[in-house]
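User: I'd like to learn how to read a model like this one feature by feature. Could you start with the general idea each time, then show me the case here?

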Number of protein chains: 2
Amino acid sequence: MNTRFYNAKILTMAGDFSIIEGELWVEGNRITYVGEPKKENGKTSLPYFDREIDVKGNLIMPGFKNAHTHSAMTFLRSYADDLPLLDWLHKQIFPMEAKLTGEDIYHLSKLAILEYLTSGITANFDMYFSPEDVTRASIDMGFRSVLCAGISEFTGSAEENLENLENWYHKYNHHHDLISYCIGFHGEYTAERPLLEGIAALSRKYKAPVYSHNSETKAEVEQCLKKNGTTPTVYLDQLGMFDHGGGGYHCVHVTEEDLAVFQKRGLTVVTNPGSNSKLASGIAPITKMLNMGINIAIGTDGPASNNGLDMFREMYLVTVLQKLKEDDAAAAPADQVLYMATAGGAKAMGLNEMDTLEAGKKADLVILDLHQPNMQPINNITKNIVYSGSKQNVKLTMVNGKVLYEDNQFYVGEDVENIYRKANEIINRLR
Amino acid sequence: MNTRFYNAKILTMAGDFSIIEGELWVEGNRITYVGEPKKENGKTSLPYFDREIDVKGNLIMPGFKNAHTHSAMTFLRSYADDLPLLDWLHKQIFPMEAKLTGEDIYHLSKLAILEYLTSGITANFDMYFSPEDVTRASIDMGFRSVLCAGISEFTGSAEENLENLENWYHKYNHHHDLISYCIGFHGEYTAERPLLEGIAALSRKYKAPVYSHNSETKAEVEQCLKKNGTTPTVYLDQLGMFDHGGGGYHCVHVTEEDLAVFQKRGLTVVTNPGSNSKLASGIAPITKMLNMGINIAIGTDGPASNNGLDMFREMYLVTVLQKLKEDDAAAAPADQVLYMATAGGAKAMGLNEMDTLEAGKKADLVILDLHQPNMQPINNITKNIVYSGSKQNVKLTMVNGKVLYEDNQFYVGEDVENIYRKANEIINRLR
């Protein structure tokens, strides 16, 4: 399937935030041309296009990367709100999760993927049980997923052990063009030292980065200080966890010393402002991280804690929460936030071919409709995206060269009403 | 124009947050029936309907009330961001505003109204110059507006004086079914005592409520303490400003004593979390206000400071900012926030016929599409609206019995591209 997008504004994110006027070609799953209008030259040696889309002056940009989520938790949306994190996890979330089947996880992941598409998200960094079912959902819908192992002592599945994790690492990194797999664990507070040492050994064996929840709540950090005499980040680093990079999800309650580890090891902070606010966990020191040159990505976290999976809401939260925290209306400017939501996430997720719009890259992109009142007038497009943009502006979402969402319709190989029906059946059975 | 909505879930907001299944009739501009399905009874004495809409199990609810905004400031969206409030006002906003014509204000207000409709907002509490042009925009589009006088010492228009304010109070309260007018002033910090005394005298003369910006920034409160020896709220109350009610916009930096005035006088706090965050003004003590039984409404503030005009984003911000401020995930629960955005706003704006969905009330309502991934599964509809709802769920917006927005199309008597073109012409001329 070859597609030509013409009459477009294009934010390539290659180098800076400048916007070019022109066209973009997709041949198969790759971008083959980005630049000035071509057809007007009267050339006839253009490739064959199955479809030519008049973008009507709207914006093509790289798809958003949702760098931390638990997709299948859609079943808990609006089910257990308004509780502190640890109570919420142990009393509401873990008992419900224990009842899930693999087939449930398949359908619930699909529901989340629909929501990602409406928000222009083209890949997720997904921590959940049952990689077989999670990858099946992504592959069947044509969506790109980087799985992150979420092993813990309390794991919801007996299959989650170090041996299987190593098998999965091999299997899901050679499984399908849309799927990759990252070493990880749930968090320092749900793992004893032998398990963590096992993870670190795997990381060294494969020279592979490691991700986990890290310093999400004050209580978590205090417990670690008591138990291990140091913070989660420093403790994990002492175990050799970050010798080959990686990073942490949340990173709300991090110290200067922790951030020095992030800086030294080239780790990524994946920030989750919606979840951290809704669960009253706190505001991450993003401004400090930016000043230290630490790579930052943005995740929605799962739908049980946010409860929406909307990158526009997250981008707005990242910037306005920093402005509040720093008492500085200039904190976390729009361009930097847009970078986090796209290229910053791609870097975290190892998606080096899906970060920018350039010839040779994979075609993971979105069209944002500028012909909507919230994007008018056009004083500054990147500011419009971050400060007033919304899911409603997402006109088209393309993953790996295929249009999966366009003009409010989904092209994911299944009637969406069927996916909604399944999700409701599951919650009715479980509660 | 008579419309029958059937096969609907209906959140009437009359008394509680329960949702009924049934139908709703609109005859002319009024709701004439809300309740169980009727046609199935085989009755033939139903009114004539021009249109019968199958709501397909989606939700009908009262339209949102945007209880503080400056609509015509759309021209400054993404123009002057990332500056502290007072710098921003004096160096960027006031000089640009001074160049606006009445015709500019007419077109720029229309652009804001389009955005309100996409977010399910059916009325705005609008503080701006040139009431003739602001009301013309609302009337021409069929939108409901409560104007609030915004008089100050630095006023952008020579017409803004006490005599004209009194004339406008008469004129625009007897002008058109869609328009009303409220006594108000810009703020304590932009008015000397004689002007404020004049406003208070008008309020007493007409037994009318008064609104203004109040305690938005710390600097504003400190200046007032220095100048008047007390806080803005107490100072204004001492001048007799609140003898007949009213309230304040923002109310971020309010003391216990201030809130006691709000409680005693039955005043409304109009909270503006997006603007207060983006300008680093702070987080209003909403939880304290709720505990004191103070009426709270929600406003987007103008598009120069937010920069979007989206009630879903504001509702989410109200609740998550309180959870952060109070370090309590149970703070500002969803139902209460939904009340603020609808009935709380209606109360503030004197829209006593547009607050709930009951027979006899004016037909200002919205349909929210529940058949979208962010609203599935359906564990709890009011939580879904506040925690994961978005503009994308707004399927239809009806004001005064007329559909102005449906399935992403506007029915406002003018091609929207023309409104966008005008806004861009204006900014190109002004800058």
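Analyst: Let's begin with the vocabulary: helices (H or I, at least four residues) and strands (E, at least two) are DSSP runs, numbered from the N terminus. By that count, chain A has 14 helices and 17 strands. Keep in mind that this is a predicted model, where local features need pLDDT of at least 70, side-chain atom pairs count only at pLDDT 80 or more, and totals for chains, interfaces and linings use all residues. Residues are numbered from 1 along each chain as its sequence is written, chains are lettered from A and ligands numbered from 1 in the order in which they are written, and side-chain values use heavy atoms, with hydrogens and water left out.

User: How do I judge the overall shape, and what radius of gyration does chain A have?

Analyst: The radius of gyration is taken over C-alpha atoms, and the globule rule is 2.2 Å times the number of residues to the power 0.38. For 431 residues the rule puts a compact globule near 22 Å, and chain A agrees with that at 21 Å. Its C-alpha trace spans about 70 × 50 × 40 Å along the principal axes.

User: How much of chain A is buried?

Analyst: Buried means under 20% relative accessible area, exposed means over 50%, and partly exposed is in between (1.4 Å probe, protein chains only). Of the 431 residues in chain A, 67% are buried. You can also look at contacts, meaning heavy atoms within 4.5 Å. Take those in chain A between residues at least 6 apart in sequence: 73% join residues at least 24 apart.

User: Now the interface. What area do chain B and chain A bury between them?

Analyst: Buried area is the accessible area (1.4 Å probe) that two parts lose on being put together, summed over both. Here that comes to about 5100 Å², with 55% of it on carbon and sulfur atoms. On the side of chain B that touches chain A, the elements giving two or more residues are helix 2 (102-118), helix 9 (273-278), helix 11 (311-326), helix 13 (381-388) and helix 14 (416-430) of chain B. Helix 11 of chain B has the largest share, seven residues. Sorted by class, that side of chain B has 28 nonpolar, 23 polar and 13 charged residues. The classes work like this: Ala, Val, Leu, Ile, Met, Phe, Trp, Tyr, Cys and Pro are nonpolar, Asp, Glu, Lys and Arg are charged, and the others, Gly among them, are polar. As for residue totals, the contact takes 64 from chain B and 64 from chain A.

User: How many salt bridges cross the interface of chain B and chain A?

Analyst: First the idea: side chains of opposite charge can pair when their charged atoms come close. The rule asks for a side-chain nitrogen of Lys or Arg within 4 Å of a carboxyl oxygen of Asp or Glu. Across this interface it finds zero, although over all chains the count is 42.

User: Which parts of chain A does the pair A:E192 and A:K227 tie together?

Analyst: Those two form a salt bridge, with the closest N and O atoms 3.3 Å apart. A:E192 is in the loop between strand 9 (179-187) and helix 5 (193-206) of chain A, while A:K227 is in helix 6 (residues 218-228), so the pair ties together parts 35 residues apart in sequence. Both ends are partly exposed: A:E192 has 40% relative accessibility, and A:K227 has 48%.

User: And B:E23, is that one buried or exposed?

Analyst: B:E23 counts as buried, at 1% relative accessibility. Its salt bridge is with B:R4 (2.8 Å, N to O), and B:R4 is buried too, at 4%.

User: What about backbone oddities? Where is the cis peptide bond of chain A?

Analyst: Omega is the angle to check here. The bond from A:Q376 to A:P377 is cis, with omega near -10°, and A:P377 sits in the loop between strand 14 (365-368) and helix 13 (381-388) of chain A. In chain B, a cis peptide bond joins B:Q376 and B:P377, with omega about -10°.

User: Which residue in strand 11 of chain B should I check for phi?

Analyst: Look at B:H250, in strand 11 (residues 246-250) of chain B. B:H250 has a positive phi of about 85° although it is not a glycine, and at 0% relative accessibility it is buried. Then try B:S78, another residue other than glycine with a positive phi, near 60°. B:S78 lies in the loop between strand 6 (64-69) and helix 1 (85-97) of chain B, and is buried at 3% relative accessible area.
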